[in-house]
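These are my notebook entries on a single protein model. I set down what I looked up, topic by topic.

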Amino acid sequence: MIAARSPSDAFDCAIEACRIATRYMTPVMLLSDCYIANAAEPWKVPEMNGYTPFPVAFHEKLPAEGEGVMPYARNGDLARPWIKPGTPGLEHRIGGIEKAPGSGNIDYSPEAHAEMTRIRAAKVANVTDSIPDQPVDLGEPSGALAVVGWGSTYGPIHQAVRRMRARGFDVHHVHIRYIAPMPKNMGSLLKGYERILVPEMNSGQLKTILRDLFLVDARPLTKTSGQPFRIAEIEAAIEEALA
């Protein structure tokens with residue numbers, strides 16, 4: 001699950017979503033909101049040769065004599081092989097019925113269901129091996145207060161933190177792109193701050209996730225009026241949190 005923070009950032013996020021989906025053979029959700037969808041900003045189409053290629057690798061090796069096609073095998077990333085439909089010698093049948101791990105044979109046993117659930121969760125967790133560490137968008141990796149956001153709250157949070165730092169407040173901005181799974185360093189980074197404030201245009205879902213995953217005392221700043229945060233609102237919340 002990836003969250004774009006601006007209209008231009010949605011371009012890079014879409015490419016990253018495709019990279020993860022094709023490497024790990026897993027659905028990827030790209031989060032946006034009405035504010036981003038209705039916003040506009042000057043943006044120059046980047047040179048595509050500056051992006052690291054992620055070519056799709058189709059499985060083309062025929063099974064050995066006497067062996068069958070294994071469309072449910074997994075590689076080191078726990079991803080399934082990708083076989084073009086109708087490839088001579090690799091024709092196979094797929095379906096949504098519960099499968100036995102490895103063979104892909106129909107298996108309704110509780111043990112098979114539990115194992116498949118574990119493997120799918122492990123595959124998603126493996127995505128952290130190919131995503132960058134969480135950066136600090138403004139400030140240092142430790143301090144009195146971190147304002148943690150995601151999505152279109154980036155602009156007002158960044159400006160509020162910038163203004164409050166200019167006034168001498170020990171406050172820092174961390175903006176999350178990779179929501180699930182999160183970068184490997186997220187827990188250690190958040191624990192470097194004495195307090196955490198999470199502005200969200202919802203009822204506080206990210207705050208709950210951060211508390212659950214990393215056992216930090218993240219405090220919510222929520223807004224569900226359908227309007228974006230004003231910079232002054234976040235400035236006031238920062239001042240109150242550091243009072």
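**Entry 1. Nonpolar cores**

Which residues of the largest nonpolar core touch the most other members? I worked from a predicted model throughout. The largest nonpolar core has 19 residues, and V148, I176, L190 and L210 have the most contacts with other members. I then looked up which elements supply this core. At least two residues each come from β3 (143-150), β4 (171-176), α5 (186-190), β5 (193-200) and α6 (205-214).

I took V148 as an example and set aside its neighbours within four places in sequence. V148 is then in contact with V174, I176, L190, I196, L197, V198, P199 and L210. I also noted a second, separate core of 13 residues, whose members include V147, L221, F229 and I234.

**Entry 2. Helix α4**

I checked the length of helix α4, residues 154-166. Its 13 residues should span 18 Å at 1.5 Å a residue, and because the end C-alpha atoms are 18 Å apart, the model agrees with that expectation.

Which residues of α4 are buried? I found Y154, P156, I157, H158, A160, V161 and M164 to be buried. The elements that cover these buried residues include β3, β4, β5 and α7 (231-241). Just after α4, I recorded a positive phi of about 100 degrees at G168.

I also looked up one distance from this part of the chain. A166 and I209 are 43 residues apart in sequence, and their C-alpha atoms are separated by 31 Å. I209 belongs to helix α6 and counts as partly exposed, at 33% relative accessibility.

**Entry 3. The lysine at position 123**

K123 is part of helix α3, residues 110-125. Is K123 buried or exposed? K123 is buried, and I found no salt bridge for it. The nearest side chain of opposite charge belongs to D77, 10 Å away. A salt bridge requires the nitrogen and the carboxyl oxygen to be within 4 Å, so a separation of 10 Å between K123 and D77 does not qualify.

What does the side chain of K123 reach? I found the backbone oxygen of M25 at 2.9 Å from the side chain of K123. Apart from neighbours within four places in sequence, the residues in contact with K123 are Y24, M25, T26, R74, D77, L78 and A79.

**Entry 4. Backbone geometry**

L78, one of the contacts of K123, drew my attention for its backbone. L78 is not a glycine, yet its phi is positive, at about 70 degrees. I located L78 in the loop between α2 (34-37) and α3. Its relative accessibility is 23%, so L78 counts as partly exposed.

L215 is another non-glycine residue with a positive phi, here about 55 degrees. I placed L215 in the loop between α6 and β6 (218-222). L215 counts as exposed because its relative accessibility is 73%, the cut-off being over 50%.

Where does a cis peptide bond occur? I found one joining A180 and P181, with omega at about -5 degrees. P181 sits in the loop between β4 and α5.

**Entry 5. Salt bridges**

How many salt bridges does the structure hold? I recorded 13 and looked up several of them.

E115 pairs with R118, with the closest N and O atoms 2.9 Å apart. Both residues are in helix α3; because they are 3 residues apart, about one helical turn separates E115 from R118. In an α-helix there are 3.6 residues a turn, so residues three or four places apart point the same way. E115 is partly exposed at 29% relative accessible area, and R118 is likewise partly exposed at 48%.

The side chains of R211 and D217 also form a salt bridge, at 3.9 Å from N to O. R211 is partly exposed, with 34% relative accessibility, and D217 is partly exposed, with 46%. I noted further that a network of salt bridges links R211, D217 and R219.

Finally, I looked up the pair E233 and R230, whose side chains meet in a salt bridge at 3.7 Å, N to O. E233 has a relative accessible area of 26% and is therefore partly exposed.

Definitions and conventions: Residues numbered from 1 in each chain as written. Predicted model: local features only at pLDDT ≥ 70, side-chain atom pairs only at ≥ 80, totals over all residues. Heavy atoms only, no water. Helix = DSSP H or I, 4+ residues; strand = E, 2+ residues; numbered from the N terminus. Buried < 20%, exposed > 50% of the residue type's maximum accessible area, 1.4 Å probe, protein only. Lys, Arg positive; Asp, Glu negative; His and termini not counted. Polar contact = N/O pair within 3.5 Å; in protein donor to acceptor, adjacent residues only side chain to side chain. Contact = heavy atoms within 4.5 Å. Core = buried A, V, L, I, M, F, W, Y, C linked by side-chain atoms within 4.5 Å. Expected span 1.5 Å × (residues − 1).
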